Amino acid sequence: MEQNELYPIFLKTKQLEILIVGGGFVALEKLSFLLKSSPNSKVTMVAPFFRDETLEKVKDFNVQLVHDEYKNIHLKNKDIVIATTDNVEVNIQVYKDCKERNVLVNVADNPPYCDFYMGGIVTKGNVKIAISTNGKSPTTAKRLRQFFEEVIPNNIDDLVKNLNKYRETLKGDFEDKVEKLNEFTKSLVENKK
């Protein structure tokens, strides 16, 4: 069986500079996805035009719009780039420019030109679950996200907050605390017969 070898991480996108190259539907989709999960993200979008829906969406967020054709100067001080244009050559140039600068890049719908994928995300308060299909089936990731949104209780955040309070009362070194928390939470995942 093939195995997904991607390593999931959770980025503090309000501390990173993100560039989205493109202003069409895919750019709006990526922007919406990013802002839904991380509304305080710092995003710059560069494109010769932007959809009306994009212009409306950015009003409430920290998004800067640059009306221009993509140039490699737009990568200055950027940490993450998402290329979404309908021009394959431009997207590949964005990829090459990012690789020269060691900037993480995702070329939408072109897995060979991606350092990362934007998978499905489920958020319930402080609990966040990322879902990846290794770039093979975004639709499956979407359906799994919908499934987990339904089955994870809305009050899971209360459990997390209470466990955090309990953790703060524990004495001992890191290993002692982990052992006590593992024992305390074991019943959450054990099968009840």
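These legends describe close-up views of a predicted protein model.

**View 1. The whole protein, before zooming in.**
The model has six helices and seven strands. From start to end of the sequence, these elements run β-α-β-α-β-β-α-β-β-β-α-α-α. The C-alpha trace spans about 60 × 40 × 35 Å along its principal axes. Of the 193 residues, 33% are buried. Look also at contacts between residues with a separation of 6 or more: 53% of them join residues 24 or more positions apart. The protein exposes about 13100 Å². Carbon and sulfur atoms supply 51% of that area.

**View 2. Thr84, a buried loop residue.**
Find strand 4 (80-83) and helix 3 (88-101); Thr84 sits in the loop between them. Is Thr84 buried or exposed? Its relative accessibility is 9%, so Thr84 counts as buried, since the limit for that class is under 20%. Which residues does Thr84 contact, beyond its neighbours within four places in sequence? Ile20, Val21, Gly22, Val26, Ala27 and Lys30 are among them. Asn91 and Ala108 also touch Thr84.

**View 3. Leu55 in helix 2.**
Helix 2 covers residues 52-57, and Leu55 belongs to it. This leucine is partly exposed, at 33% relative accessibility. Set aside residues up to four places away in sequence, and Leu55 touches Phe50 and Leu65. Now pick out Val127. It is 72 residues from Leu55 in sequence. In space, the two C-alpha atoms are 30 Å apart.

**View 4. The salt bridge of Arg51 and Glu53.**
The whole structure holds 10 salt bridges. One pairs the side chains of Arg51 and Glu53, with an N to O distance of 3.1 Å. Both partners can be placed by their accessibility. Arg51 is partly exposed, at 29%. Glu53 is partly exposed too, at 41%.

**View 5. The salt bridge of Lys59 and Glu56.**
Here the side chains of Lys59 and Glu56 meet, 3.1 Å apart from N to O. Lys59 has a relative accessibility of 58%, so it counts as exposed, a class that begins at over 50%. Glu56 has 48% and counts as partly exposed.

**View 6. The salt bridge of Asp115 and Lys99.**
The N to O distance between these two side chains is 2.8 Å. Asp115 lies in the loop between strand 5 (104-107) and strand 6 (120-124), while Lys99 lies in helix 3, so the pair ties together parts that are 16 residues apart in sequence. How accessible is each partner? Asp115 is partly exposed, at 30%. Lys99 is partly exposed, at 37%.

**View 7. A patch of negative charge on the surface.**
Which residues gather here? They are Asp173, Glu175, Asp176 and Glu179. Asp176 has its place in helix 6, which runs over residues 174-185. The relative accessible area of Asp176 is 37%, so this residue is partly exposed. Now step back to the charges of the whole protein. It carries 29 positive and 28 negative side chains. The centres of the two sets lie 4 Å apart.

Technical notes. Residues are numbered from 1 along each chain as its sequence is written. This is a predicted model: local features need pLDDT of at least 70, side-chain atom pairs count only at pLDDT 80 or more; totals for chains, interfaces and linings use all residues. Side-chain values use heavy atoms; hydrogens and water are left out. Patches are made of residues with over 30% relative accessible area and no salt bridge: like charges are joined within 9 Å, nonpolar side chains (Val, Leu, Ile, Met, Phe, Trp, Tyr) within 5 Å. Accessible areas come from the Shrake-Rupley method with a 1.4 Å probe; for residues, only the protein chains shown count as cover. A salt bridge is a side-chain nitrogen of Lys or Arg within 4 Å of a carboxyl oxygen of Asp or Glu. Lys and Arg count as positive and Asp and Glu as negative; His and the chain ends are not counted. The place of a charge is taken as NZ of Lys, CZ of Arg, CG of Asp or CD of Glu. Helices (H or I, at least four residues) and strands (E, at least two) are DSSP runs, numbered from the N terminus. Buried means under 20% relative accessible area, exposed over 50%, partly exposed in between (1.4 Å probe, protein chains only). Contact means heavy atoms within 4.5 Å.
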